[in-house]
Amino acid sequence: MAGIGGCIALITVGAVLTFASDWEMDDVNLDAVGLIMMGVGLLGLGVYASVLRRRRVPAALPVVDETRDRT
């Protein structure tokens, strides 16, 4: 998957299938397919956000050495 963009695309397509389409297919419930796609997109966003949070490394603060002689 392509990160945040792919997850948002899954959620969008799933929402369109569930709420904005009136297509009917034999043997396929498009409402259920849309709900599954939205769920997978939300799950992907959660996983991506947790991985992104772990990757962030706090900026190192400069070290000030105050023990040197000032003569």
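**Exercise 1. Determine which residues of helix H1 are buried and how they are arranged around the helix axis.**

Solution. Taking buried to mean under 20% relative accessible area, exposed over 50% and partly exposed in between (1.4 Å probe, protein chains only), one finds that Gly6, Cys7, Gly14, Leu17 and Thr18 are buried in H1. These residues cover an arc of only 100° around the axis, the arc being that of the directions from the helix axis to the C-beta atoms, which puts them on the same side of H1. The face of H1 turned away from this buried side carries the exposed residues Phe19 and Ala20. This is a predicted model, in which local features need pLDDT of at least 70 and side-chain atom pairs count only at pLDDT 80 or more, while totals for chains, interfaces and linings use all residues. Residues are numbered from 1 along each chain as its sequence is written, and side-chain values use heavy atoms, with hydrogens and water left out.

**Exercise 2. Compare the expected span of H1 with the distance between its end C-alpha atoms.**

Solution. Helices (H or I, at least four residues) and strands (E, at least two) are DSSP runs, numbered from the N terminus, and the expected span is 1.5 Å times one less than the number of residues. For the 17 residues of H1 (residues 4-20) this should give 24 Å, and because the end C-alpha atoms are 23 Å apart, the two values agree.

**Exercise 3. Identify the residues of the nonpolar surface patch and the helices that supply them.**

Solution. Patches are made of residues with over 30% relative accessible area and no salt bridge (a side-chain nitrogen of Lys or Arg within 4 Å of a carboxyl oxygen of Asp or Glu), with like charges joined within 9 Å and nonpolar side chains (Val, Leu, Ile, Met, Phe, Trp, Tyr) within 5 Å. The nonpolar patch is formed by Ile4, Ile8, Tyr48 and Leu52, which together have about 320 Å² of accessible area, from the Shrake-Rupley method with a 1.4 Å probe, where for residues only the protein chains shown count as cover. H1 and helix H2 (30-55) each supply at least two residues of the patch. Leu52, in helix H2, counts as partly exposed at 34% relative accessibility.

**Exercise 4. State where Asp27 lies and what its phi is.**

Solution. Asp27 is placed in the loop between H1 and H2, and its relative accessible area of 84% makes it exposed. Although Asp27 is not a glycine, it has a positive phi of about 70°. Most residues other than glycine have a negative phi.
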